[in-house]
Amino acid sequence: MATTEECRAALDKLSDNMAGAQGGVAEAAALDRSLSCRVTDLDITFVGRLTGGRIVVSDTLQGPPRETADIRLTMTGDDLVAMVNGELNFAKAWGAGRVKLEASLRDVFRLRKLL
């Protein structure tokens with residue numbers, strides 16, 4: 001099971017990857033939205049913003065998020081780490097119910113380029 005530190009490092013790596021993106025991926029990363037990433041097996045939620053082409057984590061909360069973010073991800077820590085490391089395909093994990101993404105339809109269409 002991935003640790004809180006490994007999950008946070010995975011989000012930082014994803015942020016770095018997004019910051020260096022080109023073309024359509026860079027355009028999708030340019031959203032300015034509140035973001036939460038719930039890690040179910042650790043019972044924590046990382047909260048912050050997707051802004052300036054980066055993920056900026058402002059807090060780590062115990063349990064579910066206290067406020068509804070514009071973009072909400074839910075998954076296990078192992079799945080988060082595996083996705084960021086390229087070992088787990090987002091679309092397949094989403095289709096299998098291993099990853100949950102909640103956002104407006106417009107944001108989902110833009111985010112699909114990232115994921």
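## Central strand pairing

Strands β2 and β3 (residues 54–62) pair in the antiparallel sense over eight bridges, where pairing requires that DSSP finds at least two bridges between two strands. Within this pair, Gly48 has Val57 in β3 as its bridge partner. Two residues lie between the strands of the β2 and β3 hairpin, and Gly52 takes a positive phi near 60 degrees there.

Strand β2 also pairs with β1 (residues 33–39), in the antiparallel sense and over seven bridges. Here Cys37 is placed opposite Phe46 in β2. The hairpin of β1 and β2 has four residues between the strands, and in this hairpin Asp43 takes a positive phi near 55 degrees.

## Basis of the model

The model is predicted: local features need pLDDT of at least 70 and side-chain atom pairs count only at pLDDT 80 or more, whereas totals for chains, interfaces and linings use all residues. Residues are numbered from 1 along each chain as its sequence is written, and side-chain values use heavy atoms, with hydrogens and water left out.

## Overall architecture

The protein contains five helices and five strands, taken as DSSP runs numbered from the N terminus (helices: H or I, at least four residues; strands: E, at least two). Their order from the N terminus is α-α-β-β-β-β-α-α-β-α.

## Burial, contacts and surface

Of the 115 residues in the protein, 40% are buried (under 20% relative accessible area, 1.4 Å probe, protein chains only). Strand β2 (residues 44–51) is mostly covered, with six of its eight residues buried.

Among contacts (heavy atoms within 4.5 Å) with a separation of 6 or more, 59% join residues 24 or more positions apart. The accessible surface, from the Shrake-Rupley method with a 1.4 Å probe, comes to about 6,300 Å², and 50% of this surface belongs to carbon and sulfur atoms.

Definitions and conventions
Buried < 20%, exposed > 50% of the residue type's maximum accessible area, 1.4 Å probe, protein only.
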